[in-house]
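Me: Please take a close look at one part of this model, the nonpolar core, and at the elements that surround it. Cut-offs should be stated where terms come up.

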Amino acid sequence: MATGIDTLISPAMEEAKGKWGEPRRSPPIALSDIRKWAIATYWPETPPPIYWDEAYAANTRWGGIIAPQDFNPFAWPVKRIAPQAQIQPAGGQRLTGINGGQTDTYGAPQRPGDVISARNRLQDFNEREGRFGLMLYMFSETEWTNQTGDFVRRRISTSIRY
Amino acid sequence: MTVKVYFEDVSVGDEMPNWSRQTNFMHWNRYAAVNDEFVPFHMDDEDGRKAGNQQGAFGMGNLRYAYLVNALRDWIGDEAEVREIGCQYRAINQKNDTLSVVGKVVEKDVVDGENRIKLTTNVMNQNGEATCPGHAVVVLPNRPG
């Protein structure tokens with residue numbers, strides 16, 4: 001919780017607002033990662049065969065296995081992004097952060113072998129007094145494309161810090 | 001090939017079939033494992049209380065989002081498309097909550113050649129609390145012939 005501080009908006013946030021960061025690329029999407037993702041998110045039910053059964057998926061309009069829409073190809077990076085490399089509010093790493101929500105628009109599905117490129121920017125932010133004192137709302141935009149340049153996903157996410 | 005619902009079969013006011021899960025560490029830990037989401041307040045009761053939740057550890061917003069995705073996919077089948085999903089995380093997913101995804105059709109239009117259905121959506125807990133209000137847009141195939 002932010003105490004003894006007038007604003008959570010930092011100069012780094014003001015500087016970064018609206019500017020796209022360096023793009024990053026996922027490792028190639030593995031069939032097994034899609035299967036595990038589907039099992040985890042459908043647990044304890046059996047996930048649909050479009051996510052794990054190649055013979056079944058071959059006869060759909062997709063012609064093969066696709067990933068669930070929410071599949072994250074950037075999970076498990078070998079090199080972690082250091083917290084100090086991220087855009088921090090005033091009060092930085094001492095603050096609690098929670099996920100406020102998101103709006104996603106989808107294009108091409110993710111498939112095994114795809115390499116997803118992502119770019120991100122801090123779109124906007126505001127702060128107000130809330131249940132946990134001064135609360136900061138940060139809105140980020142992330143855009144994904146695949147290796148052939150097809151649009152895959154745009155996410156506008158809300159991060160709440162207090 | 002699985003078509004579960006055609007554009008012609010959907011009307012404004014229709015509701016999605018109910019989709020629900022009871023959630024606890026068995027679900028959260030599996031999700032943490034695939035999404036690499038090992039956040040202390042999702043894993044440890046004391047850290048959950050430090051983050052302001054007196055009942056302890058709580059579930060991931062991203063997992064509730066996955067439930068929205070899965071409920072939509074189970075309703076529309078493999079031949080349809082999910083074009084958009086939006087949601088806000090308004091209430092906490094407590095241990096052993098039973099979460100139910102609900103959705104109601106509010107618009108039906110052909111846009112840019114796509115048969116689009118817009119729904120208001122939510123994830124309700126067993127106490128009737130709306131934990132995750134939002135919306136979704138899906139694209140449905142035409143009925144053959």
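Reply: Two residues count as touching, or in contact, if their C-beta atoms, placed from the backbone, lie within 7 Å. This is a predicted model, in which local features need pLDDT of at least 70 and side-chain atom pairs count only at pLDDT 80 or more, while totals for chains, interfaces and linings use all residues. Residues are numbered from 1 along each chain as its sequence is written, and chains are lettered from A and ligands numbered from 1 in the order in which they are written.

Leu72(B) is a convenient place to start: leaving out residues up to four places away in sequence, it touches Val82(B), Ala136(B) and Val138(B). Of the 46 residues in the largest nonpolar core, Leu72(B) is one of those that touch the most other members, a group that also holds Ile34(A), Tyr67(B), Leu68(B), Ala136(B) and Val138(B). Such a core is a set of buried Ala, Val, Leu, Ile, Met, Phe, Trp, Tyr and Cys residues joined through C-beta atoms within 7 Å. Buried means 20 or more other C-beta atoms within 10 Å of the residue's own, exposed 12 or fewer, and partly exposed in between. At least two core residues come from each of H2 of chain A and, in chain B, helix H1 (25-35), H4, E2, E3, E4 and E5. These labels are DSSP runs numbered from the N terminus, with helices (H or I) of at least four residues and strands (E) of at least two. The biggest contributor is H4(B), which supplies nine residues.

Ala71(B) also lies in helix H4 (residues 61-76) of chain B. Ala71(B) has 23 other C-beta atoms within 10 Å, so it is buried. Beyond its neighbours within four places in sequence, Ala71(B) is in contact with Met16(B), Trp19(B) and Val101(B). Gln55(B) is 16 residues away from Ala71(B) along the chain, and 27 Å separates their C-alpha atoms.

H4(B) lies across E2 of chain A and E1, E2, strand E3 (98-111), E4 and E5 of chain B, at about 145 degrees to E2(B). That angle is taken between N-to-C directions on a scale from 0 to 180 degrees, with axes fitted to C-alpha atoms, for helices over the stretch in contact.

Next comes strand E5 (residues 134-139) of chain B, which is largely enclosed by the rest of the structure because five of its six residues are buried. Strands pair if DSSP finds at least two bridges between them. Six bridges connect E5(B) in antiparallel fashion to strand E2 (residues 81-88) of chain B, where Glu81(B) faces Val139(B). Another six antiparallel bridges join E5(B) to strand E4 (residues 114-124) of chain B, with His135(B) as the bridge partner of Thr120(B).

The sheet continues into the other chain: E2(B) and E2(A) pair antiparallel over five bridges, and Gln88(B) stands opposite Gly101(A). Altogether it is an open sheet of ten strands with antiparallel pairing, ordered E1(A)-E3(A)-E4(A)-E5(A)-E2(A)-E2(B)-E5(B)-E4(B)-E3(B)-E1(B). Its edges are strand E1 (24-25) of chain A and strand E1 (19-22) of chain B, each paired on one side only.
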